[in-house]
Amino acid sequence: MRLLFTGATGFIGRAAISYFQGKGYSITAWVRDVEKAKDLLGTGIHFLGPNSSDAALLEQLELADGVINLAGSPISGVRWTNKNKQGFFDSRVTLTHKLADHINRCKTPPKVFISASAIGIYGDKATVQLTEESQSGKDFLAKLCLEWEQSAKKCGVAGTRVCLIRFGIVLGKEGGILRVMGPTIDMSISSFTGNGKQYISWIHLLDAIRVLDYCLISPAISGAINCTAP
């Protein structure tokens, strides 16, 4: 199977590429910095850089059986200035829109487009139990996720199956929230986040990748998928 990745050098992307390489899949990664990506991801991967032509992207999409879109600049740990908010939008919505547009131009489009989203789409609903059918929230993050998903859905015009992966908090020692919290916890030093009573819907990194794999090989799966424990 041939896969095209975005967000390949991120926390989930690095682990996912290693997992799918282990299954013998052929990988193309569309990245912002090719040299950095080569250092992080190693050999055996075809790279598209930021200056790659539309024709080159279209060619790789024509060859791909599936696309896994994990791109998005980090939201946690940075100030939500207007400039950064635009960066959040461009790295998610604008990039996903470009991918969907190119998929719709393919003569032989990928069979499946798996696009990241987040459970932030629901907003803060306190103690309400949420499902994929629950209404979206009204805050900035919810609106960002909603536009992100709407951009991904556009490639359904080409007949490509679309899976919208709403990630919860992904846990793994290699990155994410545990990488930030881990060093102080190892020294028996920690602090409360919020009032200590809020819910944190989480999923282990390996289970998150297994969800991606299941979506790839399961033609009956499409639409929104909450990738998280209750």
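# Exercises on a predicted fold

S115 is buried, with a relative accessible area of 1% (buried means under 20%, exposed over 50%, partly exposed in between, using a 1.4 Å probe and protein chains only). Before we dig in: this is a predicted model, where local features need pLDDT of at least 70, side-chain atom pairs count only at pLDDT 80 or more, and totals for chains, interfaces and linings use all residues. Residues are numbered from 1 along each chain as its sequence is written, and side-chain values use heavy atoms, with hydrogens and water left out.

## Exercise 1: Around S115

Find the strand that holds S115 and list the residues it touches.

*Step 1.* Look for S115 in strand 5. Helices (H or I, at least four residues) and strands (E, at least two) are DSSP runs, numbered from the N terminus.

*Step 2.* Skip the neighbours within four places in sequence, and S115 is in contact with N69, T96, W148, A152, C163, L164 and I165. Contact here means heavy atoms within 4.5 Å.

*Step 3.* Now W148 from that list: R92 lies over its face, at 5.2 Å from the ring centre. For this to count, NZ of Lys or CZ of Arg must be within 6 Å of the ring centre and within 35 degrees of the ring normal.

## Exercise 2: Put the sheet in order

Work out the strand order of the open sheet and say which strands stand at the edges.

*Step 1.* Trace the 7 strands: the order is 3-2-1-4-5-6-9, with parallel pairing. Two strands pair if DSSP finds at least two bridges between them.

*Step 2.* At the edges you'll find strand 3 (45–48) and strand 9 (223–227); each has a single partner strand, so one side of each is left without a neighbour in the sheet.

*Step 3.* Check two pairings. Strand 5 (residues 112–118) and strand 6 (residues 161–167) share 7 bridges, with S117 facing its bridge partner R166 in strand 6. Strand 1 and strand 2 pair over 5 bridges, and there F5 has A29 in strand 2 as its bridge partner.

*Step 4.* Add a helix: helix 5 (residues 140–153) lies across strand 4, strand 5 and strand 6, at about 175 degrees to strand 5. Axes are lines fitted to C-alpha atoms, for helices over the stretch in contact, and angles run from 0 to 180 degrees between N-to-C directions.

## Exercise 3: Two rings, two helices

Describe how the rings of F88 and F140 sit against each other.

*Step 1.* The pair is tilted, with 6.4 Å centre to centre and 50 degrees between the planes. Rings of Phe, Tyr and Trp (its six-membered ring) pair if their centres lie within 6.5 Å; planes under 30 degrees apart count as stacked, over 60 as edge-to-face and the rest as tilted.

*Step 2.* F88 lies in helix 4 (residues 82–105) and F140 in helix 5, so the pair ties together parts that are 52 residues apart in sequence.

*Step 3.* Compare the surroundings: F88 is buried at 2% relative accessible area, while F140 is partly exposed at 27%. K85 also lies over the face of F140, at 4.8 Å from the ring centre.

## Exercise 4: Into the core

Which residues touch the most other members of the largest nonpolar core?

*Step 1.* That core has 42 residues, and the answer is F5, F20, I68, I114, I165 and F167. A nonpolar core is a set of buried Ala, Val, Leu, Ile, Met, Phe, Trp, Tyr and Cys residues joined through side-chain atoms within 4.5 Å.

*Step 2.* Helix 7 (residues 205–217) gives the largest share, 6 residues.
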